[in-house]
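New to this one? Here's a quick tour of a few spots to look at first.

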Amino acid sequence: MTHDTSSSDDEPVIPALFATIHHQSDERPDGYTAEDIEELNRLANQRRRKRLPQRRTQYIAGGAFVLVGALLAGAVWMSPMWMPGRIEKAAEIGDRSKLEQLVDFPAIRTALKIDAKDMMKATYRSEIAASGDPFAMMFSGIGDSIVDAAADALVDQLVTPLALEKAARGEDVPFNFLGDTRSALPDFRHVRDGMPTFTARGRYLTLARYEFTLRSIGTDQKFDIQMRRTGPFSWRIDKVKIDPSFLTSLQTKDRQAGTASPETLNAERALEND
């Protein structure tokens, strides 16, 4: 006896084998007839055909879930790259509250003042030691106080929403040093339509911390900007690290350019000799 192993939707029919081995015969009068087996096959394959669409739906849903998860993971990983654009946009429209959400100015000022004082004192003391002037060594404590005040004033002027707005718009960032007005960050200006003046490279320090290194193309000066994650896609800048050459450029750039006034040069010499 043969059985139809095809169905209307071209799916193979799986025979009910348990029934075929119990065929009705003279020796097994209570066995299954051909009609019984056909009905059992129909019922068995009907349930199977109902399960196939459900499995397809599960596979599609699982694939979509994996795809969405991969996209979200990629967005979380790439989220630090969005920070420069967000800061630039907030700076261009003068959105101070947004800038303060993106940049922790008080934390940056506190840490930067410590670093600036240490660097300036190290330079100041090395110059005193090299000069061998015992009078200058005797009064080096007074010089330390002057350096502390100068570092505080320098950082307070440069780490502000207004200074960031100017830098993001490619404008001069003026500051006062020993009575002379100077321009900070001339090698790190954002130029929208011209040649860039610096390069920027980023790297993860941990999954919750990211660092951009900005390096001047013309002078090779650099500083690091560190951020901490505040959400899956959000960050906040909370630390800026400078190297001694960058700090020196803020103190001496005008003097090197020959544009400082005689009063400024005299004041700087007095600071160095204290």
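What follows covers a helix, a pocket and a buried glutamate in turn. Keep in mind that this is a predicted model.

**Helix α3**
- Helix α3 runs through residues 83-92, and its buried residues are M83, I87, E88, A90 and A91.
- Those buried residues sit on the same side of α3, because they cover an arc of only 165 degrees around the axis.
- As a bit of background, an α-helix has 3.6 residues a turn, so residues three or four places apart point the same way.
- The cover over the buried residues of α3 includes two helices, α4 (96-102) and α8 (161-168), along with β5 (222-229) and β6 (235-242).
- Just past the end of α3, you'll find G94 with a positive phi of about 70 degrees.

**The largest pocket**
- The volume of the largest pocket comes to about 930 Å³.
- It has 37 lining residues, and the closest to its centre are L164, A167, L214, F223 and I225.
- Sort the lining of the largest pocket by type and you get 33 nonpolar residues, two polar and two charged.

**E211, a buried glutamate**
- Look for E211 in strand β4, which spans residues 209-216.
- E211 counts as buried because its relative accessible area is 4%, while the cut-off for buried is under 20%.
- The E211 side chain makes a polar contact with the side chain of Q226, at 3.0 Å.
- Leaving out residues up to four places away in sequence, E211 touches R201, G202, R203, L205, D224, I225 and Q226.

Terms used:
Residues are numbered from 1 along each chain as its sequence is written. This is a predicted model: local features need pLDDT of at least 70, side-chain atom pairs count only at pLDDT 80 or more; totals for chains, interfaces and linings use all residues. Side-chain values use heavy atoms; hydrogens and water are left out. Buried means under 20% relative accessible area, exposed over 50%, partly exposed in between (1.4 Å probe, protein chains only). Helices (H or I, at least four residues) and strands (E, at least two) are DSSP runs, numbered from the N terminus. The arc is that of the directions from the helix axis to the C-beta atoms. Contact means heavy atoms within 4.5 Å. On a 1 Å grid over the protein atoms alone, a cavity is a set of points where a 1.4 Å probe fits but cannot get out, and a pocket is an open set with protein on both sides within 12 Å along at least five of seven lines; lining residues have an atom within 4 Å of a point. Grid points are joined across faces, edges and corners, and a volume is the space filled by probe spheres set on the points. Ala, Val, Leu, Ile, Met, Phe, Trp, Tyr, Cys and Pro count as nonpolar, Asp, Glu, Lys and Arg as charged, and the others, Gly among them, as polar. A polar contact is a pair of N or O atoms within 3.5 Å; within protein, one must be able to donate a hydrogen and the other to accept it, and residues adjacent in sequence count only if both atoms are side-chain atoms.
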